[in-house]
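Visitor: Hi! Could you walk me through a bit of this one?
Guide: Happy to, here it is.

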Amino acid sequence: MALTAQEINRISQPITVLIEGLNPGSGVIIAKNENIYYVLTANHVVKTPDEYSVITVDGEQYPIDYNQVIKFPGIDLAILSFRSEKNYSIAQLGDYNYDRTSQYIFISGWPDSKLPIADRRRVFTAGLLINEAEKAPLIKEPFTRGYDLFYTNRTQVGMSGSPILDTEGRVIGIHGKSEGQIFENPELGSVSRVTLGYSAGIPIQKFLQSGIVLNLNVTRQSPSPLKATELDSIHQVLTIPQLGGESTALDWSNRGNQFYRLEQWQEALKAFDQAITIQSNFYPAWYGRGNTLAQLKQYSEAIQSYSKTTQIQPNFYLAWREKGKVLIKLQEYEDALLAWNIAIKIKPDDYQIWYLRGNLLMNHLKQDQEAIQSYNQVINLKPDFVNAWTNRGMAYYRLQNYEEAILSFEQSLKLDNKQEKIWQLRGEILLKLQLYSQALTSAENALALNSQNPQLWMLKAEILAKMKEYQQARTSALRALRFQPRDREIINFIRSLSSPH
């Protein structure tokens, strides 16, 4: 059953550990074998060889044998082990489809601190998981190495490796990154980290798919619906604390980002404006202001804020990136391309900009060959990016390069075989290439995903007719006619089947 935020906090406390070392971080106890405990954390917490130790809820400090650290290839995860005769709580892991709208999640971790260990305080934050449909326009920095969870929780340096928990206290991921930047502030003579977007983590499914054998406690049950009591407790944790009287532009900018994460756009805008009032050349605030105005659909004003950002800091590529997105909204396609070309020069390994650039070239500027070059860059940087393979196939299809289109679609379907439109296009191409048996398989795979689509029934009918399976073709066309009873093309097709062949 769903729990209150306070109950989830109590569950998270004994399973969350502090990892001391060169890059202090957090972790979660996930298994025990006799007197050996296993801690899951982010790989970058223990990336550099050093003397690491795990500090448990009771303040005990256990040394880590660095040679025994297990690192996962291609994923920012690692497992540490420590020996203890004491009895510590073990996390329950949640392995289910997390992609649900307005899914509340929680993070328990230890921020980096110069205080003695006894004086440090664990942080517990609430937030919303961003679902798949909303990711593309919201996420600013494209992370690789398994980062597929994005959320609004406030996180701090040192909380890498923290457990991400659901509304029943099950661990569904490991926190590792936050969109942001180290900012050198000459006016204050300091170097600080400013948050610019959302936090990111690795789903526990990535760990479970690794095949590592441990005595894990895993549930595949989705969380129960929340009641009013649970919702009230979560909203209390979500409250953004007030700032003190001597707050800096950095403080106000980070506060603006907190409101931005919670989609409180007007409050975010006020905070960013306050940061700019304190320090007019604080470019992260101008950038945050641009993002907020874009969410408010005040696109011209957003462009002005992004332009101010790049005027102050010409190499701040995120402003060029987001400016390009807003210029698309204003249908200023050539200017958007110029903005993204600048962004790519600054940061050529941002696969998202290459992908957006490819879409712009294909969909708006009708430059399919150039679009393919952009999609190739995406694939080189992130080979498992489904949409890049899909759209590359589309571009080849439009160029009538059917063999390359098929290769792209097949790679896309290997990564995600639930793409009805791609099965359909693959079937249409194979029909053109007179590969009827393969075309029929594609049509049937598409129909398995959507049997209500008359176009798919007609595709199947056309393929069957080419295979001289006229009765089956007629049956398939009649299914299409059920959905479009007066369609002349379908009726004429059925009549043609009745004629001598």
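Guide: First, a term: contact means heavy atoms within 4.5 Å. This is a predicted model, where local features need pLDDT of at least 70 and side-chain atom pairs count only at pLDDT 80 or more, while totals for chains, interfaces and linings use all residues. Residues are numbered from 1 along each chain as its sequence is written, and side-chain values use heavy atoms, with hydrogens and water left out.

Visitor: Cool. Which residues of α10 meet α11?
Guide: Tyr-333, Ala-336, Leu-337, Trp-340, Asn-341, Ala-343 and Ile-344 do, and their partners in α11 are Ile-353, Trp-354, Leu-356, Arg-357, Leu-360 and Leu-361. Helices here are DSSP runs (H or I, at least four residues), numbered from the N terminus.

Visitor: And at what angle do α10 and α11 pack?
Guide: About 155°, with their axes 10 Å apart. Axes are lines fitted to C-alpha atoms over the stretch in contact, and angles run from 0 to 180 degrees between N-to-C directions. α10 and α11 are therefore roughly antiparallel (angles over 145 degrees).

Visitor: Switching topic: how many salt bridges are there?
Guide: The structure holds 17, each a side-chain nitrogen of Lys or Arg within 4 Å of a carboxyl oxygen of Asp or Glu.

Visitor: What does Arg-398 pair with?
Guide: Asp-368, with the closest N and O atoms 3.0 Å apart. That pair links distant parts of the chain, as Arg-398 sits in α13 and Asp-368 in α12, 30 residues apart.

Visitor: Is Asp-368 buried or exposed?
Guide: Buried, at 10% relative accessibility (buried is under 20% relative accessible area, exposed over 50%, partly exposed in between, with a 1.4 Å probe and protein chains only). Arg-398 is partly exposed at 37%.

Key
Helix = DSSP H or I, 4+ residues; strand = E, 2+ residues; numbered from the N terminus. Parallel < 35°, antiparallel > 145°, perpendicular 65-115°, else oblique.
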